[in-house]
Amino acid sequence: MWWPAALAAVVALALGVPALVAGGTSASGSAASITVPADDSPEAGFARDMATHHQQAVDLSFIVRDRTSDEPTRTLAFDIINTQANQRGMMTGWLDQWGLSQHSTAKPMAWMKMDHDYQAHDGSLMPGMATNTQMAKLRTLSGRDAEVYYLQLMIAHHKGGVEMAQGYVDMAKNDVEKRLAQSMVVAQTSEVELMTDMLKERGAAPGVPAS
């Protein structure tokens with residue numbers, strides 16, 4: 001049940017090698033050619049927004065890890081923590097290498113050049129992100145109730161993340177970042193299927209209940 005996230009971690013680690021090479025010297029020791037993205041580019045926007053999106057997935061997973069003793073749920077949470085924390089570090093590292101700020105005053109996902117009608121509210125900055133109220137509710141639950149609510153929140157979270165990652169893949173100019181985004185699409189789509197099956201095992205279905 002843990003393999004999709006574990007696979008993503010391996011892919012992300014592999015991607016980290018060329019990313020570091022691009023930021024300094026090549027394997028032969030010669031200087032690598034660097035194209036620094038503009039501050040309002042899809043490359044910078046995706047790195048910033050997905051880093052924020054990933055951080056909440058890590059936060060949610062830490063919460064449920066301490067709210068249940070169910071090994072499949074804890075294993076899933078552990079894999080998401082490791083995979084997404086690693087990927088987040090890569091993206092923030094790229095921003096540093098490019099000399100760009102970790103934050104922007106632009107509306108989240110503005111770099112996608114699409115008419116998103118999503119209105120940020122209660123800590124939910126982008127589609128799929130949980131609200132502060134929902135995260136607070138998860139902290140009050142335990143056992144099966146915590147597992148079900150976490151899975152419901154994380155399925156919505158992953159679907160939002162997949163949409164954003166695919167949006168970047170479709171307009172990417174940085175091959176290393178594009179490969180990372182593609183790995184997110186594949187791994188998180190697989191995890192959505194896994195979490196849907198986990199909900200069925202618990203007699204529940206996807207869809208976050210109204211708070």
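In this short talk I will go through the helices, one loop residue and the salt bridges of the structure above, which is a predicted model.

Let me begin with helix H5, which runs over residues 143-169. At 1.5 Å a residue, its 27 residues should span 39 Å, and since the C-alpha atoms at its ends are 38 Å apart, the expected and the modelled spans agree. H5 is also mostly covered, in that 20 of its 27 residues are buried.

I turn next to a pair of helices, H2 at residues 42-65 and H3 at residues 71-98, which pack with their axes 8 Å apart and at an angle of about 155°. Because an angle over 145 degrees counts as roughly antiparallel, H2 and H3 are therefore roughly antiparallel to each other. Their crossing is left-handed, and the contact of H2 with H3, sorted by class, has 16 nonpolar, 7 polar and 5 charged residues.

Beyond H3, in the loop that lies between it and helix H4 (132-140), we find aspartate 117. With a relative accessibility of 68%, aspartate 117 counts as exposed, and its C-alpha atom is separated by 9.9 Å from that of proline 127, which is 10 residues away along the chain.

That brings me to the salt bridges, of which the structure holds 6. In one of them, the side chains of arginine 48 and aspartate 39 meet at 2.5 Å, N to O; here arginine 48 counts as buried, at 6% relative accessibility, whereas aspartate 39, at 43%, counts as partly exposed. Another salt bridge joins the side chains of aspartate 66 and arginine 65, at 3.1 Å from N to O. In this pair aspartate 66 counts as exposed, with 52% relative accessibility, while arginine 65 is partly exposed, with a relative accessible area of 28%.

The last pair takes us back to H5: glutamate 147 and arginine 202 meet through their side chains in a salt bridge of 2.8 Å, N to O. Glutamate 147 lies in helix H5 and arginine 202 in the segment after helix H6 (175-201), so this pair ties together parts that are 55 residues apart in sequence. Glutamate 147 is buried, with a relative accessible area of 7%, and arginine 202 likewise counts as buried, at 12% relative accessibility. Salt bridges with shared partners, finally, join Asp70, Glu147, Glu201 and Arg202 into one network.

How values were computed. Residues are numbered from 1 along each chain as its sequence is written. This is a predicted model: local features need pLDDT of at least 70, side-chain atom pairs count only at pLDDT 80 or more; totals for chains, interfaces and linings use all residues. Side-chain values use heavy atoms; hydrogens and water are left out. Helices (H or I, at least four residues) and strands (E, at least two) are DSSP runs, numbered from the N terminus. The expected span of a helix is 1.5 Å times one less than its number of residues. Buried means under 20% relative accessible area, exposed over 50%, partly exposed in between (1.4 Å probe, protein chains only). Axes are lines fitted to C-alpha atoms, for helices over the stretch in contact, and angles run from 0 to 180 degrees between N-to-C directions. Angles under 35 degrees count as roughly parallel, over 145 as roughly antiparallel, 65 to 115 as roughly perpendicular and the rest as oblique. A crossing is left-handed if the near helix is turned anticlockwise from the far one by less than a right angle, and right-handed if clockwise. Ala, Val, Leu, Ile, Met, Phe, Trp, Tyr, Cys and Pro count as nonpolar, Asp, Glu, Lys and Arg as charged, and the others, Gly among them, as polar. A salt bridge is a side-chain nitrogen of Lys or Arg within 4 Å of a carboxyl oxygen of Asp or Glu.
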